[in-house]
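Biologist: I should like a close look at a single part of this model, namely the central strand region and what packs around it. Please describe how the strands are ordered and what covers them.

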Amino acid sequence: MAKAKNTDKLVVQNAAKTLLANIRFASVDDPIRTITVTSSIPNEGKSTVSINLAQAIATSGKSVLLVEADMRRRSLSDMLGVRSRGGLYAVLSEQISIDQAIVETGQKNFYFLDAEPHIPNPADIIVSHRFAKLVKALSAKFQYVIFDAPPVGTFIDAAEIASLTDGTLFVVREDFTKREEALNAIGQLKKSEKVKLIGTVMNYCETETSEYYYSYYTKDGKKVKKGSDERHVDVADVLGAGLLAVLTDGLDKRLGLDVANRAAQLGDDYIGAGLLLDAAELVLNGIGDVGNHLHGTAQKVAATLAGD
């Protein structure tokens, strides 16, 4: 994710959308719907990543619930500017229902479940059967559920929550987290066979400007801005051609060999995200002749980059 002080809202939004796309591509056959977000130590920005990801999901038209699972150091309620009549503890102790505890955030499709302050023995609550049942109940109500968990290096909560969800995002703050801390935390997560680590999110990264999203790079490393005389794909967002090969690999080689070869020929050039994501939608939804559609997309991209 981008460093907020040196960039604008557009850059952060696009970074979150790219993160969502990567999550979707990570498991095409078995979609990831429940997600744990954690880090190795405090102050790496995992809660910010959780919110931005939830906003990207909501913007895509999918319903998403963000759960405050860092019970010892709550922050989401203040960051979102919302309050609820009760939270996790009230639901688990059957004082109120799930529907009564969940609140709207002000953004369409985006909902929030808080945790009360000073909850006794959070670790015992997380390993309880009631908490596991709650995770299943929430996943049945929403298309995506994001758990903002405590740092791995602080408590065992994150690993326990991660074992109950489809995948885990590990947030690392640039020029802040020590390598040994990150490796130890990842090692802790991997001790459980039930934890599926989706990948690492680099946070607080320096960016030049939002101009990045309106330009692309040629093979020799030259930046070409939108509106210049040079031939380029006329879309705002850009993705590496290598992603096309990754996507086809997930489809099985019987559908993707020719397309993968085409993607390899494109090398380090960039292709329009719009073209690729249209094809990806067909893949994810199982609609139409996927192989032919992707092949056509690769041909369009190759022709555009070649200047035809």
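Modeller: The account below begins with the chain, turns to the sheet and one of its strands, and ends with the helices and cores.

The model is predicted. Its protein chain holds 13 helices and eleven strands. Buried residues account for 47% of the 308 residues in the chain. Among contacts between residues at least 6 apart in sequence, 75% link residues at least 24 apart.

Seven strands form an open sheet in the order β3-β4-β2-β5-β1-β6-β7, and the pairing is mixed. Its edges are β3 (103-104) and β7 (197-203), each of which pairs on one side only.

Within this sheet, strand β2 (64-68) deserves the closest attention. β2 is mostly covered, since five of its five residues are buried. Val64, Leu66 and Glu68 point one way from the strand, while Leu65 and Val67 point the other way, and all are buried. Thus a charged residue, Glu68, is among the buried residues of β2.

The two neighbours of β2 in the strand order are β4 and β5. β2 and β4 run parallel and are joined by four bridges; here leucine 66 stands opposite phenylalanine 112. With β5, β2 also runs parallel, through five bridges, and the bridge partner of leucine 66 in β5 is isoleucine 146. Leucine 66 therefore has a partner in each of these strands, given that strands of a sheet pair through backbone hydrogen bonds. Towards the other end of the order, six bridges join β6 (residues 167-173) to β7, and these two strands run parallel. In that pair, valine 171 stands opposite valine 201.Two helices pack on these strands. Helix α2 (residues 46-59) lies across β1 (34-39), β2, β4 (110-113), β5 (144-148), β6 and β7, and runs at about 170° to β5. Helix α7 (residues 129-141) also packs on the sheet, where α7 touches β1, β2, β4 and β5; the direction of α7 makes about 140° with that of β5.

Asparagine 109 lies in the loop between β3 and β4. This residue counts as buried because its relative accessible area is 19%, under the cut-off of 20%. Leaving out residues up to four places away in sequence, asparagine 109 touches Ala58, Gly61, Lys62, Ser63 and Val64. Of these, Val64 belongs to the buried residues of β2.

Helix α2 also meets helix α1 (residues 9-26): the two axes come within 9 Å and cross at roughly 75°, so α1 and α2 are roughly perpendicular to each other. From α1, the residues Val12, Ala16, Lys17, Leu19, Leu20 and Ile23 meet Val49, Asn52, Leu53, Ala56 and Ile57 of α2. By class, this contact comprises nine nonpolar, one polar and one charged residues.

The nonpolar cores complete the picture. In soluble globular proteins, nonpolar side chains tend to be buried together. The largest nonpolar core here has 37 residues, of which Leu138 and Phe147 touch the most other members. Apart from neighbours within four places in sequence, phenylalanine 147 is in contact with Ile35, Thr36, Val37, Val67, Ala69, Phe131, Val135, Leu138, Ile161 and Thr165. Another core, of 27 residues, lies apart from the largest one and includes Ala16, Leu19, Leu53 and Val103.

Technical notes
Residues numbered from 1 in each chain as written. Predicted model: local features only at pLDDT ≥ 70, side-chain atom pairs only at ≥ 80, totals over all residues. Heavy atoms only, no water. Pairing = 2+ DSSP bridges. Contact = heavy atoms within 4.5 Å. Axes fitted to C-alpha atoms, helices over the stretch in contact; angles between N-to-C directions. Buried < 20%, exposed > 50% of the residue type's maximum accessible area, 1.4 Å probe, protein only. Core = buried A, V, L, I, M, F, W, Y, C linked by side-chain atoms within 4.5 Å. Parallel < 35°, antiparallel > 145°, perpendicular 65-115°, else oblique.
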